[in-house]
Amino acid sequence: MRWCIVVMSCMLGGAVFAQQPLPQEQEQQVENLAEREVLEVDDDAYLQELEHFRKRKINLNRATTGELERLQLLNALQVQALLQYRMLLGPLIHLYELQAVPHWDVSTIQNVLPYVSVEDEKPIAQQLAARLHGDGMLLLRLSQSFPRSPDFDDTTAAGYAGSPQKILVRYRYNYKNVLQWGVLADKDAGEPLFTKKQPTGFDFYSAHLFVRNLGLIQSLAVGDFAVNLGQGLVQWQSMGFRKSTEITAIKRQSAVLRPYSSAGEYNFHRGLGVTMGKKRLSLTVFASRRKLDANLGVDAAGNAVITSFLTGGLHRTSKEIEKRNNVRQLAGGVNLRYKGNSWQVGASSVAYHFSNAVQKREEPYNYYALAGRRLANFSLDYDCTLRNLHLFGELAAGPGLQKGLIQGLLVSLDRRVDASLVVRHLESGFQSLYATAFTESSAPGNESGLFLGLSARPVAGVKVDLYADVFRFPWLRYRVDGPSAGREFLVQLTYRPDKRVELVSRLRLENKQFNDMQEVNNTINLNQFLPNRLYDLRFISKLNWRLHTVWQASASVRLHQRVEMVWYDRGGPAAEMGYLIYNDVTWQPVNQAFDLGSRVQLFETDGFNSRIYAFENDVPSSYTVSAIHQKGWRYYVNLKLDLLRLAGGHFGQRMPATQLFLRWGQTVAGMRQQPAIQPFRSGECKVQVIFSGF
Amino acid sequence: MIARFVSIWPQTLAVLRFYLILLLLSPQRNAFTQVLRPSIMALNPLEDVYANAALPASVKSFTIGLRTERRYLLKGLDNYSLTAAQPLKNGGLSLSLAYFAAGAFRQSETGLAYAKKLGQVDAGLQFSYHRLSIIGYGKAGALVADAGTLWRMTRQLKLAAGIYNLSGGRLGGMREKLAYETRCALGYQASLHLLLFLEIARQESKPVAVRAGMQYQPAQAVVLYAGMETATAQPYFACSFHRTGYSLLVSVRLHQQLGMTPGLGLLYVNEQR
C-alpha cells in the first residue's frame with residue numbers, strides 16, 4: 001500500500017525552484033524582524049545551520065525532535081506527525097512518501113527538501129567510518145561601503161580609528177554533527193586593526209567547542225554558546241521569529257544549548273555549559289563570565305552605574321573604544337526537563353551579576369526598568385500534543401516576582417486549515433535579559449496581547465493566510481507617554497497555478513498609539529520638547545500592500561518581481577506614502593562554475609516613516625535587509641564562482657572546494673521634498689571566499 | 001474552479017444589480033444613531049437567523065433562542081434578544097425582539113421577517129419597529145426595513161448579503177435618523193465540521209469593518225466559535241453544547257481597554273417534525 005502511495009503521488013518531481021538561501025516565508029520573517037529593529041544582522045547562526053544541513057542532510061528516518069526543530073521550517077504539529085508516522089508505519093521509503101504524512105503540505109515539503117534525505121540505517125562500520133570524515137570550512141569576507149565617510153579621519157576626536165573595511169575570518173569544523181569547533185575574528189568598518197589602539201589585532205574574537213551525544217552528556221559547550229529556554233521569556237539567544245504569514249511558526253523550538261559562531265558581539269554566553277540526560281530526564285547547567293560594553297553614569301553617591309548596555313559592538317571612535325568591555329557580567333543558569341511521548345515540562349532559572357549597578361535614566365517610561373547589580377528569572381514551561389492540537393506555554397517570574405505568561409495553541413482543524421492562538425500577559429515590571437519571546441515589543445515585558453492566525457488551502461494552488469493581533473501596553477514606553485494599545489491585521493493570498501509560477505498578494509494594517517508630536521510640514525515645533533512634558537497619544541496607522549511574483553522561467557533562470565506600497569498615518573497630520581518596485585533575476589546554470597543574481601529597484605517615499613523593508617540575497621552567511629526611503633533607485637549584483645571547477649580539475653583532489661562570492665550594490669537616492677539637492681550615491685562591495693571540505 | 005465561477009457569473013451579476021438598485025433608491029443621509037440589530041454580533045452570519053433577513057428560509061424546524069450579553073461586565077449595559085423562527089412551505093418566518101439598556105438610555109426593536117427560497121438563492125425582507133427612550137428626555141420610534149439574501153454558490157461556498165434600514169427610518173419623524181448598514185459575508189465550508197467566513201460591513205459614516213471567523217465542531221455535542229472584527233479590534237470566542245434539541249451557548253468578547261463582554265444563550269430546536 002505504501003509503495004502505491006509512493007508511485008501514485010509522484011507529484012514532487014525534483015527540486016522545483018533552484019536553491020535559494022531562504023524560503024520566501026522566512027525572507028518575510030527576516031524583513032519583519034528588521035522592521036521591528038530586532039534583527040541582528042551579524043547573527044548568522046541560523047544561516048550557518050541551514051548551510052550545514054544542506055551539505056549534511058537530516059536523515060528523516062533517524063531524525064530526532066531536536067534535529068527537526070533546528071530547521072525552523074516545521075511547526076510542532078508537523079514534527080510530531082512525522083515521528084508518529086514513523087513509529088506507526090516504520091521508516092520512510094522515499095521522499096515522495098512525505099506527502100502521506102499528516103499536516104505536511106506540498107509547500108512545506110518543498111521548503112525542507114534541500115535539507116532532508118531518506119536513508120536506510122547503515123551498518124555500524126559504515127557509520128563509524130562516516131564519523132571520521134568531518135567538514136572544515138574557512139570563510140574570509142571583506143566588505144566596504146562607498147563613498148568613504150568623512151568620519152574615517154582619526155586625526156579628530158570623533159573620527160574613526162580604523163579603516164573602512166569590514167573583515168570577517170571564521171573557521172569552523174563540524175564532525176558529523178557530534179563535534180563542532182571553530183574560531184572567529186571580526187572587525188567592523190572604522191575599527192582599528194593591529195594598531196596601537198588595537199594591539200591584539202581584530203576587535204572581536206570568538207571560539208567555541210561543542211560536543212553532542214557523548215554518553216550521558218547530551219551536549220557540552222566550551223567557549224561561546226547560546227542558551228534557549230522555554231518560549232523565550234527568560235532566555236532566548238537564537239533567532240526568534242515573530243508574527244508573520246507563517247501562522248503556525250509561533251512556537252520557539254530549539255535545543256537548550258547551541259554553539260555560537262556568529263560575529264554578533266552581544267547575544268551569547270562565554271564559559272561552559274553542559275546538558276546531561278538519561279532516558280527522559282535532562283539537566284542543563286551553564287556558567288558564563290564575560291565583559292560587555294556599556295554607557296556609564298554616576299549615581300548620587302558618586303559610584304559608576306550602567307545607564308544602558310551597548311549591543312552594537314562598534315569600537316570606532318575614541319569614546320566607543322573607551323566603553324569597550326568596561327563592565328563585567330557573570331551569568332549562570334539551570335534547566336531541568338522531562339520528556340514524555342508527546343509532551344514535556346521544564347523548569348529554568350537564570351541569574352546575572354554585574355560589576356556595576358544598572359541604573360537607567362530617570363524617565364517615566366523607565367520606572368520599571370532593570371535596576372541593581374543582580375537579576376534573576378525563573379520559569380516553568382511545557383508543551384504537549386493531543387491528536388490535532390499542540391499546546392505550549394511558559395510562566396516566568398522576574399525581579400519583584402513580576403510575572404510573565406505566554407500560552408499558545410496550534411490546531412489543525414482540517415487537512416486544509418490550520419489555526420493558531422497565542423495569549424501573552426507580561427506585567428509592567430517583568431524584566432529579563434537576552435530574551436526574545438512572541439511579543440510586539442523587542443523585549444518581553446509590559447505587554448498583554450492576543451494573536452489569532454488562520455491558514456487555509458481551499459483548493460489546490462491557493463492558500464489564504466490571515467492573522468489578527470491585538471495588544472496593549474499597561475505602562476509607558478519610549479516615545480509613548482501613557483498606557484497604550486495597538487492592533488495588527490494581515491491577509492495574504494498565495495496562488496500557485498503550477499510548479500513554475502507563484503503570485504503572492506499581502507495586505508497588512510497596523511495601528512498603534514504614539515505620542516502626538518504635531519508635526520506640520522515635517523517641521524517639528526521645538527517648543528513642544530519641554531522637559532517633563534507628557535504628550536497626548538493618538539493612533540497612527542500603517543497600511544502596507546505587496547504583490548510578489550516568482551517565475552521559474554527555465555531550469556536555470558528564476559525571476560522575482562515585487563510591487564509594494566505603504567501608507568503611513570493615512571488621513572492624519574503626518575501622512576506619508578511610499579512605493580517600491582523591484583525585479584530580481586537569478587541565473588544558476590546547471591553544471592557550470594558560476595551563479596549570477598541581480599536586482600534593480602525603484603523606490604520613492606515621502607519620508608522615513610513610510611520606509612519599506614526589502615530582503616536582499618547576499619553572500620552566504622550574511623543578511624541584508626534594506627530600509628528603503630527617499631526617492632531613487634538601487635541595484636546589486638551577486639556572483640558566485642566555483643574556482644575548482646573553473647580550474648577544470650587541474651588540481652585534482654589536492655585543493656579543498658573553493659568558492660568565491662562577489663557582491664556589488666549601489667543606491668542613488670535624493671530627498672523627495674528637496675529635488676534641488678543632488679541625488680546621493682552610496683554603494684557597498686563584498687568579497688567572500690569559502691574553502692570547505694578539509 | 002475558474003470554470004465554476006464563470007458559470008455562476010450571471011447569477012453574481014443579478015445579485016449585485018439587486019443590491020445596487022436598493023442602494024441607489026435609498027436616500028442619501030448622515031446618521032449617528034446605531035441600529036440595535038445586529039448589535040448582538042451573530043456568531044455565524046450565514047446561519048444565525050437574526051443576522052440576515054433571508055436566513056429564516058434555511059430553518060428546518062421551529063427554533064427559538066434567547067441571548068444576553070453584559071457589556072464590559074458593567075451592570076446596566078445589558079443586551080437581550082429573543083428570536084423565534086418557523087419554517088414554511090417554501091420559506092420561513094421569524095420574529096425577533098431585541099433590547100439594550102444603558103442607564104437612562106433604552107433601545108428596543110421588534111421585527112418580523114419573511115424569507116423565501118428561490119432555488120439557489122434565498123431572499124427575505126424584515127420590518128422592524130425601532131424604539132428609543134431616554135428617561136426624563138423623551139421617546140421616539142421608527143419603522144425600519146431590511147433586505148437580505150443568501151446564495152448557495154457551490155456546495156462549499158455561501159454568500160450572505162444584507163442591507164439594514166433600507167428605508168432610512170428617522171426617529172419620531174425628527175432629523176435624527178438611524179444609520180443604514182450593508183453587510184456581505186462569504187462562507188467556506190471546509191468540511192462537515194468546519195466553516196470559515198469573512199464578513200465585510202459598512203455602517204453609514206463609519207469606516208469599513210472586516211470580520212473573520214470560524215465555526216468548528218470537534219464533537220457531536222460541541223461547537224466552537226472564534227473570530228475577530230477590525231472595527232473595534234475585538235476578538236470573540238464562544239462554545240455551545242447541544243443535547244436533545246437544546247443548546248447552551250457561552251461567549252466572550254474582549255476589548256483591549258474596556259475588558260470582556262460575556263454572553264449567554266439558550267436555543268431550542270424542535271427536532272421532531
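This is a guided tour of a structure with two chains, A and B, going from each chain as a whole to selected strands and loops and then to the contact between the chains. Please keep in mind throughout that the model is predicted.

**Chain A as a whole**

Begin by selecting chain A and showing it as a cartoon, where 9 helices and 31 strands can be traced. If you then colour the chain by accessibility, 54% of its 694 residues count as buried. Among the contacts in chain A that link residues at least 6 apart in sequence, 64% join residues at least 24 apart.

**Strands β16, β17 and β18 of chain A**

Next, select residues 389–397 and 403–414 of chain A, which are the strands β16 and β17, and you will see them pair in the antiparallel sense over 9 bridges. To find your place along this pair, pick His390(A), whose bridge partner in β17(A) is Leu410(A).

Now move to the turn of this hairpin, where 5 residues lie between the strands and where Gly400(A) takes a positive phi near 70 degrees. Beside it in the sequence, Leu401(A) also has a positive phi, of about 55 degrees, although it is not a glycine. Leu401(A) belongs to the loop between β16 and β17 of chain A. Is Leu401(A) buried or exposed? With a relative accessible area of 59%, Leu401(A) is exposed, because a residue counts as exposed when this value is over 50%.

Extend the selection to residues 417–426 of chain A, which form strand β18, and you will find that β17(A) and β18(A) run antiparallel and are joined by 10 bridges. The hairpin that connects β17(A) to β18(A) passes through 2 residues, and Asp414(A) can be seen standing opposite Val417(A) in β18(A).

**Strands β20, β21 and β22 of chain A**

From here, select residues 484–495 of chain A, strand β21, which is mostly covered, since 9 of its 12 residues are buried. Add residues 462–473, strand β20, and the two strands appear paired in the antiparallel sense over 12 bridges, with Val462(A) having Tyr495(A) as its bridge partner in β21(A).

Then add residues 501–515 of chain A, strand β22, which pairs with β21(A), again in the antiparallel sense, over 10 bridges. These two strands, β21(A) and β22(A), form a hairpin with 5 residues between them, and a useful pair to label is Phe489(A) and Leu509(A), which stand opposite each other. While the side chains are displayed, it helps to recall that in a regular strand they alternate between the two faces of the sheet.

**Two further loops of chain A**

Go to Pro147(A), which is placed in the loop between β3 (135–146) and β4 (166–175) of chain A. The peptide bond leading from Phe146(A) to Pro147(A) is cis, with omega near -10 degrees.

Then select Ser621(A), in the loop between β27 (612–616) and β28 (624–628) of chain A. Phi of Ser621(A) is near 65 degrees, a positive value in a residue other than glycine. Ser621(A) is buried, with a relative accessible area of 12%.

**Chain B as a whole**

Turn now to chain B, which has 2 helices and 14 strands. Of its 273 residues, buried ones make up 50%. Among the contacts in chain B with a separation of 6 or more, 46% come from residues 24 or more positions apart.

**Where the chains meet**

Finally, show both chains together and select the residues in contact, 20 from chain B and 22 from chain A. The area buried between the chains is about 1700 Å², and carbon and sulfur atoms give 71% of this area. Which three residues should be labelled on the chain B side? Tyr188(B), Met228(B) and Gln256(B) supply 31% of the area that chain B buries against chain A, more than any other three residues.

Between the chains there are 0 salt bridges, while 7 residue pairs are in polar contact, with both residues at pLDDT 80 or more. On the side of chain B that touches chain A, at least two residues come from each of β8 (181–191), β9 (194–203), β10 (209–219), β11 (222–229) and β12 (234–243), and β8(B) gives the most, with 3 residues. Coloured by residue type, this side of chain B divides into 13 nonpolar, 7 polar and no charged residues.

Conventions
Residues are numbered from 1 along each chain as its sequence is written. Chains are lettered from A and ligands numbered from 1 in the order in which they are written. Side-chain values use heavy atoms; hydrogens and water are left out. Contact means heavy atoms within 4.5 Å. Buried area is the accessible area (1.4 Å probe) that two parts lose on being put together, summed over both. A salt bridge is a side-chain nitrogen of Lys or Arg within 4 Å of a carboxyl oxygen of Asp or Glu. A polar contact is a pair of N or O atoms within 3.5 Å; within protein, one must be able to donate a hydrogen and the other to accept it, and residues adjacent in sequence count only if both atoms are side-chain atoms. Helices (H or I, at least four residues) and strands (E, at least two) are DSSP runs, numbered from the N terminus. Ala, Val, Leu, Ile, Met, Phe, Trp, Tyr, Cys and Pro count as nonpolar, Asp, Glu, Lys and Arg as charged, and the others, Gly among them, as polar. Two strands pair if DSSP finds at least two bridges between them. Buried means under 20% relative accessible area, exposed over 50%, partly exposed in between (1.4 Å probe, protein chains only).
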